[in-house]
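Colleague: I should be grateful for a guided reading of this structure. Please take the features one at a time, with the general idea before the particular case.

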Amino acid sequence: MKPWEKVRYLGVLSHCTPLAHQLTPAFILHQFSPPLNVLTVIFQISVDNDIHRKRMEKDLLELQTLIDVHFDQRKKDEEELISLKERIERRRAERAEIQRVRTEKEKDRQNRIAEERQRKEEEEAKKKADDEAKKKKVLSGMGANFGGFLAKVRLPKKKKMLLLMVLMMMKMTMHCLS
C-alpha cells in the first residue's frame, strides 16, 4: 500500500489527490496529530485548574483574614462594653454617695434652721413675757396711784367714766410704745 493510500484509508485525504507537497512529514504530522484545539483545551484546563486553585487559596486567605479581623474587633468591642459597664456602675455608686451626702447635709441644714427658729421663738416669747411683766408692773403702779386718787375724789359718774377711759387710753399708748 502506498503512503497516500494509507492516508486515504484513514479518511484524512479521501477527497485529495496524491500530490508530492501533500505528503510532507509536516503535513502528515499535522493530519495525524491531535488538533491544536485539544492541546490548547487540555493546557487551558490545567491552567484554569491552577488559576481556580490559586483563586480559591486567595479567597480562603482573604476569608480567614476577615474572620480574624472580625473576631479581633468583636473582642475589642466586648472589652469596651465591659469597661463601659464598670464605668457605669462606678458612676452610679459615686452618684449614690453624693446623693447620700447631700441628703445628710440637707437634714443638718433643716435641723439647724428648725433649732434657730425655735431659739428665736423662745427668745421672742421670753422678751414678750419680760415686756408684759414690765408693763404690768408699770400699770399696776399707775393704777394704784390713780385708783387712790379716784377713790379720794368725788366726781360725778360721767366724769369718773371719762377719767377711766383716759387712763385706759394712756395704758394702751404705753403698751404700744414699749
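Modeller: Let us begin with a salt bridge. The side chains of Arg92 and Glu89 meet in such a bridge, with 3.2 Å from N to O.

Colleague: Why can Arg92 and Glu89 be about one helical turn apart?

Modeller: The spacing in sequence supplies the reason. Arg92 and Glu89 are three residues apart in helix α3, and therefore about one helical turn separates them.

Colleague: How should the accessibility of Arg92 be classed?

Modeller: The class follows from the relative accessible area: under 20% is buried, over 50% is exposed, and partly exposed lies in between. Arg92 has 48% relative accessibility, so Arg92 counts as partly exposed. Glu89, at 47%, is likewise partly exposed.

Colleague: Before we continue, what kind of model is this, and how many salt bridges does it hold?

Modeller: The model is predicted. The structure holds nine salt bridges.

Colleague: Which residue forms a salt bridge with Glu94?

Modeller: The partner of Glu94 is Arg91, and the closest N and O atoms of this pair are 3.7 Å apart. A salt bridge requires the nitrogen and the carboxyl oxygen to be within 4 Å, so the pair qualifies. Glu94 and Arg91 are three residues apart in helix α3, which means a separation of about one helical turn. As for accessibility, Glu94 is partly exposed because its relative accessible area is 39%. Arg91 is also partly exposed, with a relative accessible area of 42%.

Colleague: Which residue forms a salt bridge with Glu104?

Modeller: Glu104 pairs with Arg100, and their closest N and O atoms are 2.7 Å apart. Here the two residues are four apart in helix α3, and this again separates them by about one helical turn. Glu104 is partly exposed, with a relative accessible area of 41%, and Arg100 is partly exposed at 40%. Salt bridges that share partners join Glu97, Arg100 and Glu104 into one network.

Colleague: Thr103 carries no charge to consider. What lies 2.7 Å from a polar atom of the Thr103 side chain?

Modeller: For such a residue one may look for polar atoms close to the side chain. In this case the backbone oxygen of Gln99 lies 2.7 Å from a polar atom of the Thr103 side chain. Thr103 is found in helix α3, and at 36% relative accessibility Thr103 counts as partly exposed.

Colleague: Which residues make the nonpolar surface patch?

Modeller: Leu63, Leu66, Ile67 and Phe71 make a nonpolar surface patch of about 390 Å². Leu63 is placed in helix α3, which comprises residues 36-152. Leu63 has 47% relative accessibility and so counts as partly exposed.

Colleague: How many helices and strands are there in the chain?

Modeller: The protein chain has four helices and zero strands, and along the sequence its pattern reads α-α-α-α. Of its 178 residues, 4% count as buried. The chain exposes about 16300 Å², of which carbon and sulfur atoms supply 61%.

Colleague: Which element has the lowest mean pLDDT, and which the highest?

Modeller: A general caution comes before the case. Where pLDDT is low, the predicted coordinates should not be read in detail. The chain averages a pLDDT of 76, and 60% of the residues score at least 70. Among its elements, helix α1 (residues 3-10) has the lowest mean pLDDT, 47, whereas α3 has the highest, 85.

Colleague: Over which residues does pLDDT stay under 50?

Modeller: That stretch is residues 6-17, for which the model has 14 contacts beyond four places in sequence.

Notes
Residues numbered from 1 in each chain as written. Predicted model: local features only at pLDDT ≥ 70, side-chain atom pairs only at ≥ 80, totals over all residues. Heavy atoms only, no water. Patch = residues over 30% accessible without salt bridge, like charges linked within 9 Å, V, L, I, M, F, W, Y side chains within 5 Å. Areas by Shrake-Rupley, 256 points an atom, 1.4 Å probe, with all protein chains shown as cover. Buried < 20%, exposed > 50% of the residue type's maximum accessible area, 1.4 Å probe, protein only. Polar contact = N/O pair within 3.5 Å; in protein donor to acceptor, adjacent residues only side chain to side chain. pLDDT = per-residue confidence, 0-100. Contact = heavy atoms within 4.5 Å.
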